[in-house]
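The following exercises are to be worked with the sequence and the coordinates at hand. Each task is followed by a solution in steps.

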Amino acid sequence: MGKIVIAIDGYSGCGKSSTAKAVAQDLGYTYIDSGAMYRAVTLHFLNRHLSPTNPKDILSGLEDLLITFQANPDSGQQETYLNGLNVEKDIRSMRISERVSDFAKVKEIREELVAQQQRLGRKKGVVMDGRDIGSVVFPDAELKVFMTADLATRAARRQQELIERGELVDLEDIKANLGQRDEIDSNRKESPLLKVADAVEIDTSNLTFAEQVAQIVHLAEQRIKQTEDYASNHR
């Protein structure tokens with residue numbers, strides 16, 4: 001069976017990452033966690049007390065930045081490494097959530113990470129989620145999905161994720177954080193969050209996790225068949 005590129009964009013808290021991971025697993029594809037990459041950049045800069053508004057700090061921070069992914073041998077889950085160190089737990093904290101948009105809007109940071117992401121997608125058979133995947137990173141992706149959900153649902157889901165990691169955060173604080181991130185991501189100058197014309201919109205407010213995964217897998221299978229039929233007819 002042929003392979004395609006699947007680009008999943010959408011708002012924070014829609015379940016993009018967990019959905020993309022499950023879709024990749026069902027299809028036997030590679031999952032590229034763009035959100036984790038931006039969170040790792042944020043951690044890298046904060047730990048070094050580098051500012052996203054200082055040009056010298058930005059250049060300094062990007063000089064020795066290396067983000068990779070490795071599968072945990074015990075759980076089988078993909079985890080994020082920053083310059084050789086496992087930072088999967090650190091990058092999921094509220095401390096990083098509150099600052100990630102500040103770094104994600106910096107042109108130089110985005111250009112560096114987009115270049116890394118595009119290299120990972122050249123062989124096809126990848127699923128990637130984020131905010132500018134269908135518009136900037138993989139504009140030629142065979143399947144583009146835009147995920148959305150109402151703010152209350154997204155906040156409740158994010159709170160549950162944090163609780164499972166042992167972090168208790170007030171629901172109203174999470175709503176405020178998500179609302180602020182929506183505003184920043186949608187209105188930033190560099191690669192704003194938007195739904196491209198050829199993306200399929202999926203509202204996950206009233207869907208179970210299994211249902212949203214199944215929808216995207218079904219769409220992917222349709223696109224794979226269309227791609228194979230086109231290739232067969234143009235040999």
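A residue is called buried when its relative accessible area is under 20%, exposed when it is over 50%, and partly exposed in between, using a 1.4 Å probe and protein chains only. The structure is a predicted model, in which local features need pLDDT of at least 70, side-chain atom pairs count only at pLDDT 80 or more, and totals for chains, interfaces and linings use all residues. Residues are numbered from 1 along each chain as its sequence is written, and side-chain values use heavy atoms, with hydrogens and water left out.

**Exercise 1.** Determine whether Tyr31 is buried or exposed, and describe its surroundings.

*Solution.* Step 1: locate the residue. Tyr31 lies in strand 2, residues 30-33; here helices (H or I, at least four residues) and strands (E, at least two) are DSSP runs, numbered from the N terminus.

Step 2: apply the cut-off. Tyr31 is buried because its relative accessible area is 7%.

Step 3: list the contacts, that is, heavy atoms within 4.5 Å. Not counting residues up to four places away in sequence, Tyr31 touches Ser17, Ala20, Lys21, Ala24, Gln78, Val127 and Asp129. The C-alpha atoms of Tyr31 and Ala20 are separated by 6.9 Å, with the two positions 11 residues apart along the chain count.

Step 4: search for polar contacts. Such a contact is a pair of N or O atoms within 3.5 Å; within protein, one must be able to donate a hydrogen and the other to accept it, and residues adjacent in sequence count only if both atoms are side-chain atoms. The side chain of Tyr31 makes one of 3.5 Å with the side chain of Ser17 and one of 3.4 Å with that of Asp33.

**Exercise 2.** Which partners does the side chain of Lys144 reach through polar contacts?

*Solution.* Step 1: Lys144 belongs to strand 7, residues 143-148. With 6% relative accessibility, Lys144 counts as buried.

Step 2: examine the polar atoms. The Lys144 side chain reaches the backbone oxygen of Gly134 at 3.3 Å, and a polar contact of 3.2 Å joins it to the side chain of Asp198.

Step 3: extend the search to contacts of any kind. Leaving aside neighbours within four places in sequence, Lys144 is in contact with residues including Ala7, Phe138, Pro139, Val196 and Val200.

**Exercise 3.** Characterise the packing of helix 1 against helix 10.

*Solution.* Step 1: obtain the geometry. Axes are lines fitted to C-alpha atoms, for helices over the stretch in contact, and angles run from 0 to 180 degrees between N-to-C directions. The axes of helix 1 (residues 16-27) and helix 10 (residues 209-233) come within 9 Å and cross at roughly 50 degrees.

Step 2: classify the angle. Helix 1 is therefore oblique to helix 10, given that angles under 35 degrees count as roughly parallel, over 145 as roughly antiparallel, 65 to 115 as roughly perpendicular and the rest as oblique.

Step 3: assign the hand. A crossing is left-handed if the near helix is turned anticlockwise from the far one by less than a right angle, and right-handed if clockwise. The crossing of helix 1 and helix 10 is right-handed.

Step 4: identify the residues. Ser18, Thr19, Ala22, Val23, Asp26 and Leu27 of helix 1 meet Phe209, Gln212, Val213, Ile216, Val217 and Ala220 of helix 10. They divide into 8 nonpolar, 3 polar and 1 charged, where Ala, Val, Leu, Ile, Met, Phe, Trp, Tyr, Cys and Pro count as nonpolar, Asp, Glu, Lys and Arg as charged, and the others, Gly among them, as polar.

Step 5: inspect one residue of this contact. Leu27 touches Ile6, Val217 and Ala220, residues up to four places away in sequence not being counted. The C-alpha atoms of Leu27 and Glu221 are 8.8 Å apart, although the two are 194 residues apart along the chain.

**Exercise 4.** Repeat the analysis for helix 2 and helix 6.

*Solution.* Step 1: helix 2 (residues 34-47) and helix 6 pack at about 135 degrees, with their axes 11 Å apart. Helix 2 is thus oblique to helix 6.

Step 2: the crossing is right-handed. Its contact residues divide into 7 nonpolar, 3 polar and 1 charged.

**Exercise 5.** What is the sign of phi at Asn83?

*Solution.* Step 1: Asn83 lies in the loop between strand 4 (78-82) and strand 5 (85-86). Step 2: its phi is positive, about 50 degrees, although Asn83 is not a glycine. Step 3: most residues other than glycine have a negative phi.
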